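Work through the following exercises with the sequence and the coordinates at hand. Each task is followed by a solution in steps.

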Amino acid sequence: MGLYNVDNGSTFVFYSSDKRHYNHLIEQGISFNGERPTEGFPAYVDSLRVNGKDLTYDSTAKQYYLSLSQQTRETGRLTAKVEVKWAKDDGKYELAIDGETPDAEGIIEIQNASGEKAYMMTILKDDKEVATVPLNMTFLPIVEIRVSTCNGKYYNKGTLRVTDPDIAGYDSTFVAKFRYRGASAQGYPKKSYAVKLIDSKGNSVDREYFGLRNDNNWILDAMYIDGACMRNRVSTDLWNDFATLPYHRRNGWEKKAKTGTRGRFVEVFLNGRYHGLYCMTEKMDRKQLRLKKSVDAKPATETTEAVGDTIHGSLYKSSQWSYEVFMGHDLGSTSYPRRSPRGYNNNLKQETWASYEIKYPDWEKQKIDWGPLWNAVNFVATTDDYVFDEEVKNYFDYPVVRDYFLFIELMLATDNHGKNMFFFNYDQKAQKCAKMIGITPWDLDGTWGIRWDGSKSYTKAAQNFTQFITQYEHGTHTLFYRLFHSSKWNWFNDLKARYAELRTKQFSEESLTNRFLDYGDLFRESGADVREQNRWNGCH
């Protein structure tokens with residue numbers, strides 16, 4: 001593999017031995033947003049690596065960052081190989097970290113390595129100190145973004161590098177596209193990002209991070225309204241640990257289907273400046289849920305007839321409140337009029353219907369079908385009590401619905417009882433469960449004592465969930481309301497029995513408390529809590 005310099009000595013494009021262009025990989029040297037400094041620490045250093053990893057430089061605060069492994073966190077001992085390429089050759093240069101210089105093999109040892117204090121890196125020239133700079137250590141991976149401009153509508157090209165201390169070897173920089181994500185979240189100073197890994201031609205490039213899925217789509221969640229920066233992650237971790245498996249996985253059709261995302265807390269640098277604590281997560285999509293793929297149309301040939309689009313799986317997201325999102329009552333209303341939902345037209349090629357968004361199939365490129373969702377909404381909204389009792393199990397994944405209600409009730413998730421949910425149909429052409437709609441949670445920042453906007457004036461503990469959302473929010477979702485009043489489905493006793501089981505396990509006070517304490521300890525030991533506060537506290 002060879003290197004070709006494409007950017008003034010600081011950026012390279014990779015070629016393989018057979019001349020194939022690896023244009024999704026970019027290796028960046030230390031960036032100073034212009035000419036190399038003529039004084040201070042960076043003036044002496046051309047490159048600096050510890051255990052094969054580039055240190056990250058904050059050009060605004062003029063500090064370096066080093067991501068440490070989980071093993072170092074557990075033992076407190078850092079044994080590292082230091083590699084320095086000096087920018088000058090006018091003397092004998094050495095590097096010292098916290099007063100210690102590497103041995104003849106470049107190995108340095110630091111006892112009680114921690115992110116709770118800054119270490120000092122010093123450059124010695126002919127045994128005299130000529131420059132010094134703070135070195136911050138963290139037990140979180142580091143994500144470096146470089147993008148010249150960004151907005152909430154279109155993707156803009158840039159680069160992404162993820163330094164994972166638990167994976168040996170150099171961490172490459174990838175070409176990527178970025179846009180802001182979220183609705184109200186785009187108005188916050190600290191933005192969340194949707195990330196797509198690509199090559200120079202715009203083709204998708206899959207990459208696995210942190211043992212999560214191998215994919216080109218990633219999310220960097222800013223968690224801005226949540227001062228603790230962990231509610232969404234704690235909530236989704238909890239869901240992943242206790243929720244009943246979805247119907248298509250229970251039936252053995254898709255053994256890897258997941259109804260929750262996984263993620264890892266990271267520290268982000270944007271264009272060479274520290275940007276805060278984020279959670280890098282998987283995306284909720286067809287791939288995560290393992291929905292059956294649609295079959296695109298094929299034109300006729302000399303030997304075959306034309307084949308039209310065949311839709312199998314569909315994925316929908318509820319984005320705002322509406323009669324259809326409540327599946328049978330209007331915003332703020334406590335009456336259920338039993339009227340049909342508004343109609344839809346698949347041929348219009350529209351992304352939205354009645355405050356739902358279609359996420360699969362791709363509405364811009366493929367045939368779509370709102371039918372499975374419309375049928376389920378219409379069933380809940382209009383059927384008489386007898387038909388509802390007899391047929392609800394064919395339209396909804398009952399054990400998952402039960403678990404979801406307990407989940408949002410436990411957390412007082414006031415913005416997630418219809419809105420901020422994904423609804424999916426695995427395969428509308430299947431012989432079994434063709435009508436069934438599955439559910440999965442999303443956007444759980446407004447939980448555990450705060451609302452969707454971060455306020456907490458009346459979200460105290462020990463409240464009745466149904467009474468709360470009726471008094472302060474938008475009323476009970478019709479599906480839950482009808483199950484509560486069903487003469488066949490003993491909803492209350494089912495909830496009671498399932499809660500009693502969970503209360504000794506995932507819903508126990510100790511288990512729930514430890515989830516928050518564990519992440520809190522990680523933030524504190526990494527120093528990320530203080531850095532996040534210093535970077536964004538004035539904006540909260």
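**Exercise 1. Gln366**

Task: Decide whether Gln366 is buried or exposed, and place this residue in the chain.

Solution. The model is a predicted one.
Step 1. The relative accessible area of Gln366 is 14%. The cut-off for buried is under 20%, so Gln366 counts as buried.
Step 2. Gln366 belongs to the loop that runs between β24 (356–360) and α5.
Step 3. With neighbours within four places in sequence set aside, the contacts of Gln366 are Ser294, Asp296, Lys349, Tyr360 and Pro361.

**Exercise 2. Asn378**

Task: Find the element that holds Asn378 and state whether this residue is buried or exposed.

Solution.
Step 1. Helix α5 (residues 371–382) contains Asn378.
Step 2. Asn378 has 17% relative accessibility and therefore counts as buried.
Step 3. Leaving out residues up to four places away in sequence, Asn378 touches Ser340, Pro341 and Thr383.

**Exercise 3. The chain as a whole**

Task: Describe the protein chain by its secondary structure, its dimensions and its contacts.

Solution.
Step 1. Count the elements: the protein chain has twelve helices and 26 strands.
Step 2. The radius of gyration is 27 Å, and the globule rule gives 24 Å for 540 residues; the two are close, so the protein chain is as compact as a globular protein of that length.
Step 3. Along the principal axes, the C-alpha atoms occupy a box of roughly 90 × 70 × 40 Å.
Step 4. Of the 540 residues in the protein chain, 51% are buried.
Step 5. Take the contacts with a separation of 6 or more: 65% of them join residues 24 or more positions apart.

**Exercise 4. Strand β14 and its partners**

Task: Which strands pair with β14, and in what sense? Then examine Leu160, which lies in this strand.

Solution.
Step 1. Strand β13 (residues 142–147) runs antiparallel to β14 and is joined to it by six bridges. In this pair, Ile142 is opposite Thr163 of β14.
Step 2. Strand β15 (residues 173–181) also pairs with β14 in the antiparallel sense, over six bridges. Here Arg161 faces Thr173 of β15.
Step 3. Consider burial: β14 (residues 156–163) is mostly covered, with seven of its eight residues buried.
Step 4. Leu160 has a relative accessible area of 0%, so this residue is buried.
Step 5. Beyond the residues up to four places away in sequence, Leu160 touches a set that includes Val143, Glu144 and Ile145, as well as Thr173, Phe174 and Ala176. Val195, Leu197 and Tyr209 are also among the residues it touches.
Step 6. Leu160 and Val195 are 35 residues apart along the chain, while their C-alpha atoms are separated by 8.7 Å.

**Exercise 5. Strands β9, β11 and β12**

Task: Trace the pairing from β9 to β11 and from β11 to β12, then inspect the turn of the hairpin.

Solution.
Step 1. Strand β9 (residues 93–97) and strand β11 (residues 118–125) run antiparallel and share five bridges. Leu95 has Ile123 in β11 as its bridge partner.
Step 2. Between β11 and strand β12 (residues 128–138) there are eight bridges, again in the antiparallel sense. Met120 is bridged to Pro134 in β12.
Step 3. The hairpin of β11 and β12 has two residues between the strands, and Asp126 takes a positive phi near 50 degrees there.

**Exercise 6. Tyr188**

Task: Locate Tyr188 and list its contacts.

Solution.
Step 1. Tyr188 is in the loop between β15 and β16 (192–197).
Step 2. Not counting residues up to four places away in sequence, Tyr188 touches Tyr224, Ile225, Trp452 and Asp453.
Step 3. For Tyr188 and Trp218, the sequence separation is 30 residues and the C-alpha to C-alpha distance is 20 Å.

**Exercise 7. Cavities**

Task: How many cavities of 30 Å³ or more are there, and which residues line the largest cavity?

Solution.
Step 1. Rolling a water-sized probe over the atoms shows where empty space is left.
Step 2. The count is three cavities of 30 Å³ or more. The largest cavity holds about 50 Å³ of space.
Step 3. Its lining consists of Val401, Met421, Phe423, Ile439, His477, Leu479 and Phe480. Two elements, β25 (421–425) and α9 (478–484), give two or more residues to the lining of the largest cavity.
Step 4. Sorted by type, the lining of the largest cavity has six nonpolar residues, one polar and no charged.

Technical notes: Residues numbered from 1 in each chain as written. Predicted model: local features only at pLDDT ≥ 70, side-chain atom pairs only at ≥ 80, totals over all residues. Heavy atoms only, no water. Buried < 20%, exposed > 50% of the residue type's maximum accessible area, 1.4 Å probe, protein only. Helix = DSSP H or I, 4+ residues; strand = E, 2+ residues; numbered from the N terminus. Pairing = 2+ DSSP bridges. 1 Å grid on protein atoms, 1.4 Å probe; cavity = no way out; pocket = protein on both sides within 12 Å on 5 of 7 lines; lining within 4 Å. Points joined across faces, edges and corners; volume = space filled by probe spheres on them. Nonpolar A, V, L, I, M, F, W, Y, C, P; charged D, E, K, R; others polar. Contact = heavy atoms within 4.5 Å. Rg over C-alpha atoms; globule rule 2.2 N^0.38 Å.
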